[in-house]
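Here are my notes after a pass through this one, in no strict order. Have the viewer open while you read.

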Amino acid sequence: MKKILLPTDFSENSWNSITYALQLFKSETCKFYLLNAYTPVVYHVEYVLVNPAQYGLGDAVRENALKQLDHFKTRITAEYKNPKHTIETMAAFNTLISEIKDVVEKKDIDYVVMGTKGATGAKEILFGSNTVHVFKNVKCPVIAIPDGFGFEKPHEILFPTDYEINYKEYHLKPIIDIVSLFNARINVLNVSYGYDLSEAQKTHKKILESYFKSETFLSHSVSNQNVSEAITNFQIKSKINLLIMISNKRSFFENLFFKNTINQIGFHLNIPFLVIPAKTVKT
């Protein structure tokens, strides 16, 4: 049984990501955890130091969160009734990132699926800060769904790699699981900078190909482009439905998302993005 965590702030953006998850795992037996992490609007030093209950604020905010969670659960049951799916609601007085990390570990979560959009009025921003922090800190595969993206079966998957990762089963199992659900094709994309692959990279490439030997996959190599350009160009050309990366600190993923400024990223992702951590809770 798959265990899927669905963080929500009750926005249409988060509802959209929930419906994506329900359809992506439609044929799988799943338990979905619908999570709202809240902090009251009045949140200052005195509030932290003194018991919130004496103000009556914590209870009121929690009751509202539970009420909205129940509304979302009812809506899921009505619109996406599936005997293979069960829903559990969770409201927590905590920061979002901290609570996601706790739930991932305690509930042995397989995937986190969440909506993402840039800060209001800043369309040049690729992802909101919450999503970037989840990518960086949560030791579990995370699927980020762009605002307004309607579900598409992921028939064409793009997997950029620099072959700097010594691939393990836990890196590739989330990919193979999704591939097997939709008979998808994996497009492995290597961006060349004019140098031959090192011996270590060649070894990692062979390991990757051995894991994908039972799947439909194609290897591609492009040169004279930076990673963001290569991803954008390939995505347009090949009608990619899902982008997947492994967030290894020594890989170009780290450079692409955490070391460059937002303006240097230079591309806008309008398809779902699965990020697999280099190390997971389950390793």
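1. One term before we start: I call a residue buried when its relative accessible area is under 20%, exposed when that is over 50%, and partly exposed in between. Also keep in mind that this is a predicted model.

2. Aromatics. The whole structure gives 11 aromatic pairs. Take Phe 212 and Phe 217, whose ring centres are 6.0 Å apart with 50 degrees between the planes, which makes the pair tilted. The two partners sit in unlike surroundings: Phe 212 has a relative accessible area of 0% and is therefore buried, whereas Phe 217, at 23%, is partly exposed.

3. While you are looking at rings, pick out Tyr 20, Phe 149, Phe 151 and Phe 182, which make up one aromatic cluster. Then go to Trp 15: the charged end of Arg 75 sits over its ring, 3.9 Å from the centre.

4. Backbone. Which sign does phi of Phe 10 have? It is positive, near 70 degrees, and this residue is not a glycine. You will find Phe 10 in the loop between β1 (2-7) and α1 (12-24). With a relative accessible area of 17%, Phe 10 still falls under the 20% cut-off, so it counts as buried.

5. Asp 108 is another non-glycine residue with a positive phi, here near 55 degrees. Its place is the loop between α4 (96-107) and β4 (111-116). Asp 108 has a relative accessibility of 37%, so I have it down as partly exposed.

6. Salt bridges. How many does the structure hold? The count is nine. A good place to begin is Lys 2, which meets Glu 28 with 3.3 Å from N to O. Lys 2 belongs to strand β1 and Glu 28 to the loop between α1 and β2 (30-38), so this bridge ties together parts 26 residues apart in sequence. As for accessibility, Lys 2 is buried at 13%, and Glu 28 is partly exposed at 22%.

7. Lys 2 also has a salt bridge with Asp 177, the closest N and O atoms being 3.5 Å apart. Why does this pair tie together parts of the chain that are 175 residues apart in sequence? Because Asp 177 lies in helix α6 (residues 169-182), while Lys 2 lies in strand β1. Both Asp 177 and Lys 2 are buried.

8. Zoom out a little and these pairs belong to a network of salt bridges that links Lys 2, Glu 28, Lys 173 and Asp 177. I'd put that network in a figure panel, labelled with those four residues.

9. For a local salt bridge, look at Lys 202 and Glu 199, with the closest N and O atoms 3.6 Å apart. The two residues are three apart in helix α7 (residues 199-211), so about one helical turn separates them. Lys 202 is partly exposed, with a relative accessible area of 39%, while Glu 199 reaches 58% and is exposed.

10. Cysteines. A disulfide is a covalent bond between the sulfur atoms of two cysteines. How many disulfides does the count come to here? Zero. Cys 30 is buried at 1% relative accessible area, and Cys 140 is buried too, at 2%.

11. Last stop, Ile 276. The residue is in strand β10 (residues 273-277), and at 0% relative accessibility it is buried. What does Ile 276 touch, leaving aside residues up to four places away in sequence? Its contacts are Pro 141, Tyr 170, His 171, Pro 174, Ile 175, Ile 244, Met 245, Ile 246 and Ser 247.

12. One more distance on Ile 276: its C-alpha atom and that of Ile 143 are separated by 8.8 Å, although the two residues are 133 apart along the chain. If you show Ile 276 in a figure, I'd label strand β10 as well.

Note on methods
Residues numbered from 1 in each chain as written. Predicted model: local features only at pLDDT ≥ 70, side-chain atom pairs only at ≥ 80, totals over all residues. Heavy atoms only, no water. Phe/Tyr/Trp six-rings, centres within 6.5 Å; stacked < 30°, edge-to-face > 60°. Buried < 20%, exposed > 50% of the residue type's maximum accessible area, 1.4 Å probe, protein only. Lys NZ or Arg CZ within 6 Å of the ring centre and 35° of its normal. Helix = DSSP H or I, 4+ residues; strand = E, 2+ residues; numbered from the N terminus. Salt bridge = Lys/Arg side-chain N within 4 Å of Asp/Glu carboxyl O. Disulfide = S-S within 2.5 Å. Contact = heavy atoms within 4.5 Å.
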